[in-house]
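Got the viewer open and a cartoon representation on? Let's walk through a couple of spots together, one selection at a time.

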Amino acid sequence: MKNLQRIRGVVATVVLFFAGNLGFAQNPPQTAGGATGRALTDYAPVLPSTLDRAWAIVPEKGVETREVADGVFVVTDGVWQSAFAVTDEGVVVFDAPETYASRIRTEIAAVTSDPITTLVYTHAHNDHIGGSAVFADVEGLEIVALTGVAEFLGEMNDPDRLRPTKTFDDQLVLDQAGMRIELRAANYHSDEGDVIVYIPRARFLMAIDTLAPGYGPFMGFDITSNFHEYLHVFDVLLEYDFDVFVGGHLTHIGNRAEVEVAQEFTRDVYETVKRIHGETDLMAVFAETAEQIGGFDNKYLLFDRFLDVVTARATAVLMRANGGQLGKITSLLESGTIRPVMDRVFPFKATNEALAYVETGRATGKVVVRVR
Ligand SMILES: [Zn+2]
């Protein structure tokens, strides 16, 4: 049950989402499974299959750069990710993370002597564009951002983040002679707006701070304050024709199937928590808690308790449907107990049956649980 704490954290976020819809207390309740008293060994480990895909970073260089599609390069320091495209009309850079922005120009120079013409900001957050000042001396550099991002940066007046020179509200196409780059506004993560980058010719899609392939969503669905838009962004992403997906974080990039898995996971958590939230009797939890604390005066505490109860119930249900069983299947796969010879295919919802089938010992080959 090592996944329990992680799932509790994720569920607590969705519980807050529904609590928000109740129009209830404004103070952020303590989420269940807070860090205090939790043993480090209780945390879910990173899957070996995820670790296997990590791009090796040469320490002296600090970053790894790979051409992931024709003319399109991804740069990462193992935690942040950015990109650049080499076009017939110069180099277009996407983001400038503060941790390694100074390396980006060296990495570009290693593959082309063409000038840098454009810098695109995916959103305003410092960790993704806080190194943009390293491009300050690039002559005639066009810096493209959403209007909301430009306004925010104007207010911040931060010397580390160069001010945009070109803004847009909904869509913008950079037609770079032979390479069409489509920019589209979204609202799934940052309060000032997000930009989805799509390069059709390269089948390349970049949506920073949406998901990290091979991992669960970061700290409450990528710390979104707009959960409706977060749910919606997967549909938007899957409208595109792409093979390469860049989410902006961690050790490797992803693909279409991983966007689909993240969507399914997010929907599953959402639907489960929504149902449990509806089924849990608010007044009954209040009454029970009031009895223990001697009255109804501390309403924040009463409400905290309600969220904790919903979180615990939803976590228990999700663990039954997903985490425990999938973890078990993973270990069966990794220990070689299940061999890659097709025996039976089970739909995702029949994970329990799949496990039961494996445990009968009658399986003659690989038992597959179809995620999609
Ligand atoms: Zn961000």
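Keep in mind that this is a predicted model. Begin with the open sheet of five strands, which run in the order β8-β9-β10-β11-β12 with mixed pairing. Select 171-176 and then 244-246: these are β8 and β12, the edge strands, and each of them has a pairing partner on one side only. If you look along the sheet, neighbouring strands are turned against each other by 15° on average, ignoring direction.

Next, zoom in on residues 194-199 and 204-206. That's β10 with β11, an antiparallel pair held over three bridges. Show Tyr 198 as sticks and you'll find Leu 205 of β11 standing opposite.

Now move over to β4, residues 90-94. How many of its five residues are buried? Four are, so the strand is mostly covered, counting as buried any residue with 20 or more other C-beta atoms within 10 Å of its own.

Add residues 81-87 to the selection. This is β3, which runs antiparallel to β4 and is joined to that strand by five bridges. A hairpin of two residues links β3 to β4, and Thr 87 sits opposite Gly 90 of β4.

For β4's other pairing, select 116-120. Here β5 pairs with β4 in the parallel sense, over four bridges. Pick Val 91 and look across to Ile 116, its bridge partner in β5.

Last stop: colour residues 101-111, helix α3. Together with β4 and β5, α3 makes a β-α-β unit, and the unit is right-handed.

Technical notes:
Residues are numbered from 1 along each chain as its sequence is written. This is a predicted model: local features need pLDDT of at least 70, side-chain atom pairs count only at pLDDT 80 or more; totals for chains, interfaces and linings use all residues. Two strands pair if DSSP finds at least two bridges between them. Axes are lines fitted to C-alpha atoms, for helices over the stretch in contact, and angles run from 0 to 180 degrees between N-to-C directions. A residue is buried if 20 or more other C-beta atoms lie within 10 Å of its own, exposed if 12 or fewer, and partly exposed in between; C-beta atoms are placed from the backbone. A crossover is right-handed if, with the strands pointing away from the viewer, the path from the first strand over the helix to the second runs clockwise.
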